[in-house]
Amino acid sequence: MKYFLMLVLMLTTLTSFSQTKQKQFNVSGILFTSDDNQPLESATVYLQRVKDSSLVTYTITDQKGAFTLEGKTYDTTLNMFISYIGYKTYAKKITVSKEKIDLGQVNLLVDENLLDEVIVKATAPVTVKKDTLEFNVNSFNTKKDANVEDLLKKLPGVEVDEAGKITVNGKDVSNIFVNGKPFFGDDPTITTRNLTKDIIEKVQIMDTKTKSQAFTGEESESENKTINLTIKEDKNKGVFGKASVGGGTDERYEAAGMVNLFDNDQRLSVLFGGNNINSAGFSFGDLSNMFSVVGGGGAGSGITTSKNAGLNYTDKLNDKIDLSADYFYSDSNTENDNASQRENILPDSRYFTDSRSNSVVDNFKHEANLELEVELDSTLRIDIEPSFSYGENKSSNTSKEASRDEDNLLTNESSSNSFAEGTSNDFKNDLDITKKLGTKGSFLRVSITNGVRESNTENFLNSQTEIYGDNAASITRDQFTDGKQKTTSLNTGLTYRIPLIKDALSLDLKYDYRSDKDEDVKSTFDLNNVSQEFTNFNEALSTDFEYKNDRSTPGLRLNYKKDKLSLNFRGSYIYRTLENKDALRPELNLKRNFEALELSSRFTYRFSPKSRFSLRYSLDNNTPSLNQLQPFEDVSNPLNTVVGNPSLEPTTSHRLNFGFSNHDFQKGLTIWSYAGFNIDKDQVVAKTTINDDFVRRTTYANVNGGYSGRGSFFVSKTKRLDTLRTLKFGVSLSGGVNKSINFNNDVKYSATNTSLNPSLELTFNWKDVMEIIPNYSISFTKNKFDLDQFSNQDFNYQTLGIRTATFVPKKLEWRNDVNYTYNPNVGPGFQKSAWFWNTTLAYSILKDNGTISLKAYDLLNQNTNARRIATGNYIQDSQGTVLQRYFMLSFSWKFNSLGSGEMPQQRGRRGSYRHYG
């Protein structure tokens with residue numbers, strides 16, 4: 001902790017030193033239109049250095065058109081610009097002084113596309129376009145060879161975690177597009193970590209919509225965000241890419257390559273890679289991302305060796321048809337040893353279970369996706385998205401388990417060895433046809449989604465189970481199971497929009513039909529001791545099910561949007577039929593019909609481009625699953641027999657969520673908060689009874705009284721110390737309360753779980769010199785039970801970390817990632833605390849196109865993933881295999897033949913302005 005305090009003191013000193021010679025400025029005004037004298041909201045006001053046009057600060061005008069620019073600078077004069085779409089850019093030279101500068105009313109002139117205007121480059125750092133926030137990449141300083149992820153971390157309101165997950169004002173980013181098209185499927189890190197900042201012109205952030213929603217102009221139904229990267233015109237033609245190879249101690253290695261061929265609308269990208277250091281996806285030895293590994297730093301379990309390859313192709317076939325396609329190949333092997341100790345809690349006693357397991361899993365998969373966008377005219381659009389995958393898998397597993405009572409007497413034990421292999425085929429196709437009707441916003445949409453998934457498995461099992469006590473038993477199994485599963489689905493939807501008030505109020509008539517059919521055949525054969533072949537059919541462990549789930553849902557949705565306010569309300573009535581046929585046990589056939597009302601509503605108010613509030617409510621109905629309903633006795637685990645309950649009722653769920661976000665561009669202040677509350681009626685839970693030998697029998701029951709609430713709050717402040725140094729401080733607080741109703745050996749009880757998770761992070765960045773990021777988090781958890789036999793439980797978990805990067809001397813980069821974790825709750829024999837330190841040293845060669853790096857993973861060799869899980873029924877400590885210390889020497893090389901130099905000057909609105917005053 002003392003080192004952490006020393007670091008804070010050092011940052012404070014650097015902050016104070018950086019401000020000693022700077023001049024304070026304050027510029028304010030109010031913006032109006034010159035044609036109708038109305039205040040202009042959402043205009044961008046910004047200051048640039050005269051010397052190099054680098055951005056000093058910026059803001060957005062408020063509802064009244066008012067703005068204030070505050071800050072410090074070493075310069076005596078600055079260039080000021082005000083821009084708004086459809087108006088000429090206002091420009092004025094500001095003399096920096098201690099006195100506040102009040103410009104009074106500033107009038108923007110309408111841009112009439114003055115072709116004779118003198119062009120001066122001045123692009124606003126941020127532009128508001130309806131529901132889209134657009135950032136000019138050149139306005140945000142990063143290191144010289146920054147990738148898109150480095151860039152996103154500099155944008156206000158955008159957060160990127162170590163795994164590459166992106167959030168914008170607390171909302172998850174679900175899609176990243178390049179020039180409006182997908183780039184290598186659903187893995188955003190392929191885009192953000194492999195495309196460089198220098199080819200990107202703009203970053204656009206918007207609410208996530210389907211293509212047909214964007215076509216009709218509908219409001220988004222998603223809470224997520226989409227990021228679109230636009231490529232610079234002079235960087236959209238040529239070849240670029242990178243390659244990396246590395247080898248290390250303990251036979252660790254990594255290799256990867258990527259080649260991109262861009263020709264305006266036509267793009268072809270190929271990538272491949274392989275490693276045995278748990279690096280998910282494609283690893284290029286990137287210094288800032290070298291630590292995002294599965295199973296590292298206490299996360300995950302097992303060591304994975306993987307090979308991957310992929311291809312992405314995008315093209316505009318003609319003015320009506322756009323094509324996007326990608327293909328992936330993956331091959332992985334994961335080995336894991338796991339140990340756990342569980343204290344099982346009963347109303348009148350306790351027993352203890354120790355288990356160990358070893359597993360080896362091999363998977364390989366081919367996957368292909370196609371997106372065809374056909375816009376026949378301005379009123380008719382067709383979207384076709386087929387996808388196909390084929391996979392094979394093999395797994396072997398050995399395990400041992402033993403249970404003892406409170407007197408440490410052995411009550412049961414088991415051991416097993418299994419080997420399984422299988423194949424799977426998956427096909428899915430989405431078809432959307434959208435037709436606009438008239439000019440008032442009416443449209444008709446037909447959606448059809450169909451899919452087929454087939455899998456075949458072969459499983460060999462050899463197990464021995466010993467049950468002691470009064471009901472002693474010895475169960476030996478030597479079996480072969482041949483499995484065939486098939487799922488067929490069809491989902492159709494029809495939406496017809498009726499405009500009631502143009503551009504404001506509309507009514508949607510909706511109808512959805514969905515049919516799912518699951519076929520599950522498992523044929524189990526015991527070993528024939530005479531022939532030594534698996535020929536004795538075991539009906540108790542075999543299945544032959546056909547399960548159908550048909551839903552028909554008519555509904556209405558009312559939509560309203562006016563200025564800053566948007567809301568909708570949807571009501572639907574679902575008719576559902578569940579039918580199960582059991583060819584082996586016809587007496588277990590069942591058919592049930594359900595009807596339910598479902599509701600949803602959404603309210604959104606945008607106070608300004610900087611701030612908005614949203615509220616959502618939903619009433620949903622969910623039926624029990626097949627295994628929960630069917631009264632079939634599953635005896636595959638001799639120590640736990642599971643049987644369904646055909647009398648279960650559907651679960652009705654009420655959900656209420658709200659969110660608030662605000663970002664002050666001028667002050668660098670971001671605030672967002674989220675809260676949600678759920679109540680479930682007839683929730684389905686497991687109900688287990690345990691005999692004197694601790695052999696379990698599990699069924700399912702409906703319960704009431706459960707609820708959950710959760711919330712989070714985040715605030716960050718970015719302080720620009722000068723043109724080179726910034727300081728960012730972030731604090732977050734999340735927590736929740738969850739009351740669950742459960743059963744413990746047939747005794748009903750409630751458990752209330754309360755959690756609180758504060759965290760803070762400080763980022764000091766000195767451009768081209770250093771970056772220091774200390775962080776701290778602690779988690780408090782309390783479990784409270786309403787049974788006197790159960791003891792309340794309190795847990796905490798702490799993490800203290802620091803990430804550093806230095807970029808001096810030139811061409812040399814040194815990065816460190818140090819984390820200390822403390823988990824005092826785990827039991828004896830499990831590691832309570834650990835230091836996890838990764839470091840890398842890199843040197844640029846070949847005119848900065850090549851990099852030689854030496855990295856050390858888990859330098860102190862203390863990595864662990866020990867954890868504790870506590871419920872009303874048990875407390876469990878577990879620990880598995882993790883990747884530990886290795887050293888690796890790597891070489892990476894990048895190449896780029898994209899266009900260089902500046903594009904010819906263009907005339908028009910974007911870069912033109914006149915000087916005022």
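This report walks through a few strands and some backbone details of a predicted model.

Let's start with the open sheet, where three strands follow the order β4-β1-β7 with mixed pairing. The edges are held by β4 (66-73) and β7 (101-108); each has a single partner strand, so one side of each lacks a neighbour in the sheet. From one strand to the next, the twist averages 25°. Strand β1 (residues 23-33) runs antiparallel to β4, and eight bridges join the two. Within this pairing, Asn26 is found opposite Glu70 in β4.

Further along the chain there is a hairpin made of β46 and β47, with three residues between the strands. Here β46 (residues 867-870) and β47 (residues 874-880) are antiparallel and joined by four bridges. Arg868 has Asp877 in β47 as its bridge partner.

Now for the backbone angles. Most residues other than glycine have a negative phi, and most peptide bonds are trans. Two residues with positive phi are worth a look:

| Residue | Phi | Loop | Relative accessibility |
|---|---|---|---|
| Asp503 | near 65° | between β25 (473-501) and β26 (505-528) | 65% |
| Asn861 | about 55° | between β45 (850-857) and β46 | 35% |

Neither count as buried: Asp503 is exposed because its 65% is over the 50% cut-off, whereas Asn861, at 35%, counts as partly exposed. The loop holding Asn861 leads to β46, a strand of the hairpin described above.

Finally, the peptide bond between Val808 and Pro809 is cis, with omega at about -5°. Pro809 sits in the loop between β42 (793-806) and β43 (812-822).

How values were computed. Residues numbered from 1 in each chain as written. Predicted model: local features only at pLDDT ≥ 70, side-chain atom pairs only at ≥ 80, totals over all residues. Heavy atoms only, no water. Pairing = 2+ DSSP bridges. Axes fitted to C-alpha atoms, helices over the stretch in contact; angles between N-to-C directions. Buried < 20%, exposed > 50% of the residue type's maximum accessible area, 1.4 Å probe, protein only.
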